[in-house]
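Here is a short tour of one chain, meant to be read with the structure open beside you. Take a look at the fold, then follow along.

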Amino acid sequence: MRRSLKDYLVISAKGLAMGAADVVPGVSGGTIAFISGIYEELIDTINALDINFFKVWRNEGFIASWKKYNLSFITALFLGIAISILSLAKVIKWLLHHQPLFLWAFFFGLVLASILYIGKQITVWKPKVFIGIIIAAIISYFITIAEPLASPDSNWYLLFCGFIAIIAMILPGVSGAFILLILGAYQTFIDILNQFREGLTNMNFELLSQAIIKLMIIAAGAITGLKLFSKVLNWMFKHHKNTTLAILTGFMIGSLNKIWPWKKVLSWRTNSEGIDVPFIEKSIMPMQFEGDPKIIWVLLFVTLGFLLILILERLAVKKAD
């Protein structure tokens, strides 16, 4: 497929939208790819990319290998994604520290609407579908209240998180940031992105190298997960679509506890920057919250998050028509 510079700029713009979605729990980069009409090409390109790239390079030259594996498309798209994620990371970090109630309320609305979005795609409500939702919801809930097995700053844990979170690129409706949130690594990932951006802008090579090492560890997990999950999930959707959707729906229902806006901190941990951040938290009622619970504002941001998913769903329906 021959594309002009304008076409690749449009692809990068779609990447910007995907990156913005990927950094927000509840909104899926896969959903944006689906809405913008590049989902199938993205999945096909990722599935086709393998070690044979170097064989074609050796036999036919780098340009031939680049074109065969559609790397201009993937480069333009991932450039947009990277720019968007790095730009939004600072905003998210500021909100996490200064307006956590509003941020979690917005995320809660996003995930609440995503539950309905995924659940509506279940076409046949058999007993195994209900069982799948219930079991997944229970497992997900217990994950949210369990004490993490490792520090989110641990290299092995970052590798694992990258491996799991990449599912968001494969499935519309599932957010990678949401998976990181459930695993307790969301804020750590935002901090790493900010560390990379600050190291790059201030030419602080020590800071930059630390961030690059961590990003490479996450990327290694993501690449491994991408190649393994893509085939498994494609098979599950083709042969057990309703059950798969049921499990995803239940998983998101159980995880609402994690993003409930009003929290009580039970224990703290010191992150890689030497700052004390919440380690284990408990969901509480607004009346039990220390300080102003800002109930009206929280409900407003929940509504805004909910409406955003509804708008994206409408766009997806129009695109399909």
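## A walk through the chain

The chain holds 15 helices and two strands; helices (H or I, at least four residues) and strands (E, at least two) are DSSP runs, numbered from the N terminus. This is a predicted model, in which local features need pLDDT of at least 70 and side-chain atom pairs count only at pLDDT 80 or more, while totals for chains, interfaces and linings use all residues. Residues are numbered from 1 along each chain as its sequence is written, and side-chain values use heavy atoms, leaving out hydrogens and water.

Of the 321 residues in the chain, 46% are buried. Buried means under 20% relative accessible area, exposed over 50%, and partly exposed in between (1.4 Å probe, protein chains only). The accessible surface of the chain is about 17,200 Å², and carbon and sulfur atoms account for 69% of it; areas come from the Shrake-Rupley method with a 1.4 Å probe, and for residues only the protein chains shown count as cover.

Now to the interior. The largest nonpolar core has 76 residues, and Met 18, Leu 42, Leu 77 and Tyr 186 have the most contacts inside it. Helix α7 (residues 100-119) gives the largest share of this core, 13 residues. Such a core is a set of buried Ala, Val, Leu, Ile, Met, Phe, Trp, Tyr and Cys residues joined through side-chain atoms within 4.5 Å. Not counting residues up to four places away in sequence, Met 18 touches partners including Leu 42, Leu 77 and Ile 81, where contact means heavy atoms within 4.5 Å.

Thr 244 sits in helix α14 (residues 241-254). Why does Thr 244 count as buried? Because its relative accessibility is 5%. With residues up to four places away in sequence set aside, Thr 244 touches Met 236 and Phe 237.

On the outside, Trp 125, Phe 130, Ile 134, Ile 138, Tyr 141, Phe 142 and Ile 145 make a nonpolar surface patch of about 710 Å². Ile 134 belongs to helix α8 (residues 127-145).

Finally, look at two loop residues. Most residues other than glycine have a negative phi, but the two below have positive values.

| Residue | Phi | Loop | Relative accessible area |
|---|---|---|---|
| Met 203 | near 55° | between α12 (186-201) and α13 (205-239) | 52%, exposed |
| Lys 294 | near 50° | between β2 (276-283) and α15 (295-320) | 32%, partly exposed |

Key: Patch = residues over 30% accessible without salt bridge, like charges linked within 9 Å, V, L, I, M, F, W, Y side chains within 5 Å. Salt bridge = Lys/Arg side-chain N within 4 Å of Asp/Glu carboxyl O.
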